[in-house]
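Visitor: I am new to reading protein models, and I would like a close look at a single part. Could you take one helix and follow it into its surroundings?

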Amino acid sequence: MRSSPPRAVGPGSRPARAVALAAAARAVALVALVALPLVAIALPSPAAANGVFPSADQLVFDPADPARAVARMTYGLLTTRDGGASWHWICEGAVGYDDAGGQSPPIAAAASGSVLAALTDGIAVGSEGGCVWARAAELAGREVIDLSVRRGDPSHVVAVAAGTRHGLWASRDGGATWTSAGTPLPEGFLARTVDVAPSDPRRVYVSGLASEGGSVKGVIARSADGGETWQTAAVPGSTTSREPYIAGVDPRDADVLYVRIASAPGRLFVSTDGGATFAPVFATEGFVRAFAISPDGATVAVGSDIDGVFRAPSSTLAFERVSSVAPRCFTWTDSGLYACASEFLDGFTIGRSLDGGATFEPLLQQACIRGPLDCAASTAVGAVCATDWPRIALMTGHRDCTSDAGPAAAGSGTSAGATGAGGASGVGEATAASGGGDRASAAGAGGAPDVPDGGAPASGGARPSEEGCGCRTGGAEDGRAGALAAACLAAVTAARRRSRRAGVAARGALG
């Protein structure tokens, strides 16, 4: 067991970025309102992205092929087979969920190239590169709340499912078949996230809510025997409005658990005794949306949508701010720290850092999505996604990006065009990074180099140039214009969905 962690640290004052965020939000809202009638007339159908700003909030890598990755977007999934040089779209309908329900399913990459998605009515299992999707028969009709692939053994997957009492399920074949594991979680326990320790397959952690002494508190349920028995402990300061989410488990020590609070102001806690007690180690005025542990366990990175990227040695947890990028997710592999970010503010949707989060090279700008994943018409993706692509293309400002792989973006160190299959070589196994209300964990090997004196550059990280990202985007200003258009479309979606629901309700009352 490690020595007691230091007291929580965080930025001393609200930085100028918070003002910029607020101003940007106001600008987007204003443009959306002004442009709403024009956009509504131009669109034959509602925009996608669930009525929210189109973005990524989770990224997973194929444990057997470092060039393959899947990103969860607000309008389905994106997949790359060449280390991020090109991205293709998988629509929500092909996976088996509907954006009208506002679902944002946790995803995971498991053995044999399968991709798993936790849905409100089961687990969707994607195969053949993401073209074919089927349901795990044993969990059909059950709400699956979260799932986790064990690092080092991608055939071992755990999931937590709802029921009369929430319970643990396990798969030993990469999610193809499932069995109920151990005993149900304590009565009244409402699960939110699950993770299995990389160093001990029988150590399982589940975060959630439980009634205690007449009030509802955030708790961690922990098992040292694969779910046969459970103990619970409260997470300080967590309630129904400040729910605890598992951020990660140390890859070397199953007793070291990180938990974040999913609200603002955000907090990060660490337990060094297997989830029995917790100590605060990081505080921010915004949300703690991103967290990752370096593959060797030596370094921890945490991201706030207000304060930027912070990094610390796991031995001291003394955090320092290294970038102003506002990450929505982290995934740390042998080839770098990957982040989801706001393209409107940071110039990229997915980027990679080779210096522990100080700078990022763009791997994905949404205008550069190539289109639907090329699948046979007999598959779910081939049959469903093509008809909905024009809507997504309009929302993302789609353009042809295939022939303009230019020089490196400023400060990135390498060209984005070089981050294809070769650029991603050496990536170890990666598990899902946190975003929104989901978990984050770490995998692989290798730590983060020191930041040069002076800390992060003034820009807070690499910005895409006009020729970077293998995509002629017209620079950051063009990306922001596309983002504004996407915001308008998102506003239309929300308005039309409210109108449609109101109409259905009215017809029901008349009928």
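Guide: Let us take helix α4, which covers residues 380–396. Its 17 residues reach 23 Å from the first C-alpha to the last, close to the 24 Å expected at 1.5 Å a residue, where the expected span is 1.5 Å times one less than the number of residues. Helices here are DSSP runs of H or I with at least four residues, strands are runs of E with at least two, and both are numbered from the N terminus. This is a predicted model, in which local features need pLDDT of at least 70 and side-chain atom pairs count only at pLDDT 80 or more, while totals for chains, interfaces and linings use all residues. Residues are numbered from 1 along each chain as its sequence is written, and side-chain values use heavy atoms, with hydrogens and water left out.

Along its course, α4 bends by about 45 degrees at W389, and a proline, P390, follows within four residues; the bend is the angle between axes fitted to the seven residues ending at a position and the seven starting there. After the helix comes G397, whose phi is positive, near 70 degrees.

The buried residues of α4 (buried means under 20% relative accessible area, exposed over 50% and partly exposed in between, with a 1.4 Å probe and protein chains only) include V381, C385 and W389, as well as I392 and M395. An α-helix has 3.6 residues a turn, so residues three or four places apart point the same way.

From here we can turn to the protein's interior. The largest nonpolar core has 41 residues, and those with the most contacts inside it are L59, L78 and W89. To this core α4 gives the most, with 6 residues. A nonpolar core is a set of buried Ala, Val, Leu, Ile, Met, Phe, Trp, Tyr and Cys residues joined through side-chain atoms within 4.5 Å. Leaving aside residues up to four places away in sequence, L78 touches, among others, A69, W87, L364 and I369, a contact being heavy atoms within 4.5 Å. Apart from the largest core lies another, of 18 residues, with V160, A191, V204 and A221 among them.

As a wider setting, the protein has 5 helices and 28 strands, and of its 511 residues 56% count as buried. Of the contacts with a separation of 6 or more, 55% are between residues 24 or more positions apart.
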